Amino acid sequence: MVPLSWYLAVAFILIGLGAYGMMVKRNLIRILIGAEIMGNGVSIALAAFAVYSPTFTLTGQALIILMISVAAAHTALALVLMLAYNRRYGSVDLGKPISQEEKLDV
Amino acid sequence: MQGFESAFESVEFLLIAGIVIVLAYLALEHKEIVYAAFFFGIMASFVAGFFLLLEAPFVAGMQIAVYTGGISALIIFGVLLLPRAQDSTLEAIESPRAKKIGILVSGSIMFISAILALRFPWSETIPEGTIDASLDVALLAEWLWGDHGVYVQIVALIMVTALVGVIALMKMDKAELMKDITGEFGIEARPVPEEIEPEPEESPEPEEAPESEKTSEPEASEEVAD
């Protein structure tokens with residue numbers, strides 16, 4: 001059987017990649033994709049712990065099912081917020097409100 | 001034979017891990033955001049491969065159904081609804097200093113946690129016992145819906161609330177665009193003025209008619225008399 005640490009390493013690499021996407025990107029859709037990649041990393045870690053720990057088996061799987069269900073709802077909410085942002089600022093650029101405020105100050 | 005199986009499983013794991021990491025990177029860095037959304041959907045399918053390796057087939061099925069079938073499709077619809085999302089000039093923060101800090105922080109998260117995952121003695125933290133790899137979906141369903149059914153209902157309620165909030169957000173934007181909402185079921189229902197005003201105009205008409213009849217009647221009688 002593959003060691004637990006390998007699964008955790010992959011999970012943490014995915015979490016790091018998602019964090020990179022959330023911190024460096026300006027496009028809101030990229031940021032959402034980054035958040036989803038982080039969520040996938042967390043669910044891999046949970047699944048690995050669920051299988052390798054005999055007392056955590058069912059709880060871990062139930063938590064993953066919960067995570068996947070909530071991810072669907074929060075993605076829908078995030079997309080609607082993006083649409084509202086696009087109507088308000090005319091762009092999905094995260095730096096748009098700041099640049100508009102700078103223009104007003106000038 | 002068992003050694004061959006474990007080696008095969010390790011190769012499977014390394015293959016899936018490599019594909020998942022490359023696809024995650026492409027989902028974040030590909031110039032075309034539509035392709036990035038597709039790469040994310042494929043990545044989610046390969047993550048289901050991890051769940052299959054961990055002998056959690058129900059979770060793997062749910063991962064494919066929700067992530068690949070639902071969330072990636074939602075993101076693609078979002079890209080289609082937001083044509084400005086395809087602007088490639090939005091790809092990174094303009095300030096090089098902020099970008100460097102972002103890369104440094106995320107890289108340190110990745111590096112430290114991966115080292116922790118590989119070096120930490122996880123086996124000592126897990127209580128002793130046999131690894132129950134033969135998971136039963138019926139057992140999971142009984143645990144989830146039998147003992148913890150109330151919590152599942154609460155989660156479902158929270159999700160429905162979120163979705164109702166989504167619909168309310170969309171409707172609020174539309175309501176702001178409409179200035180006069182008229183009609184029986186409108187948000188600001190008020191009577192239509194055109195329907196009220198004709199009522200006093202209609203009432204004199206029947207009163208005029210008898211007068212004309214009255215005037216015409218003597219004429220007719222005069223004609224008869226003539």
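**Exercise 1. Find what percentage of contacts in chain B, between residues at least 6 apart in sequence, join residues at least 24 apart.**

Solution. The model is predicted. Start with the contacts in chain B between residues at least 6 apart in sequence. Of these, 47% join residues at least 24 apart. Next, list the secondary structure. Chain B has 10 helices and zero strands. Its pattern along the sequence is α-α-α-α-α-α-α-α-α-α. Finally, look at burial. Chain B has 226 residues, and 24% of them are buried.

**Exercise 2. Describe the extent of the interface between chain A and chain B, and name the three residues of chain A that supply the most buried area.**

Solution. Count the residues in contact. Chain A brings 70 residues and chain B brings 79. Then take the area. The two chains bury about 7300 Å² between them. Carbon and sulfur atoms account for 78% of it. Now turn to single residues. Arg26(A), Arg30(A) and Ile68(A) supply 10% of the area that chain A buries against chain B. No other three residues supply more.

**Exercise 3. Identify the polar links across this interface, then describe the side of chain A that touches chain B.**

Solution. Begin with salt bridges. The count between chain A and chain B is one. Its partners are the side chains of Lys25(A) and Glu29(B), at 3.1 Å from N to O. The pair qualifies because the cut-off is 4 Å. Polar contacts come next. Eight residue pairs meet the rule across the interface, both residues at pLDDT 80 or more.

Now the elements. Helix 1 (4-24), helix 2 (28-52) and helix 3 (57-89) of chain A each give two or more residues to the side that touches chain B. Helix 3 of chain A gives the most, with 25 residues. Last, sort this side by residue class: 46 are nonpolar, 18 polar and six charged.

**Exercise 4. Trace the largest nonpolar core and follow the contacts of one of its members, Phe40(B).**

Solution. The core holds 75 residues. Those touching the most other members are Tyr7(A), Ile29(A), Ile37(A), Phe40(B) and Phe50(B). Map the core onto elements. Chain A gives two or more residues from each of helix 1, helix 2 and helix 3. Chain B does so from helix 1 (2-29), helix 2 (33-53), helix 3 (57-81) and helix 6 (137-147). The largest share, 13 residues, belongs to helix 2 of chain A.

Now take Phe40(B), leaving out residues up to four places away in sequence. In chain A, Phe40(B) touches Ile33(A), Glu36(A), Ile37(A) and Asn40(A). In chain B, Phe40(B) touches Ala27(B), Tyr67(B), Ile71(B), Ser72(B) and Ile75(B).

Methods:
Residues numbered from 1 in each chain as written. Chains lettered and ligands numbered in written order. Heavy atoms only, no water. Contact = heavy atoms within 4.5 Å. Buried area = accessible area lost by both parts, 1.4 Å probe. Polar contact = N/O pair within 3.5 Å; in protein donor to acceptor, adjacent residues only side chain to side chain. Helix = DSSP H or I, 4+ residues; strand = E, 2+ residues; numbered from the N terminus. Nonpolar A, V, L, I, M, F, W, Y, C, P; charged D, E, K, R; others polar. Core = buried A, V, L, I, M, F, W, Y, C linked by side-chain atoms within 4.5 Å. Buried < 20%, exposed > 50% of the residue type's maximum accessible area, 1.4 Å probe, protein only.
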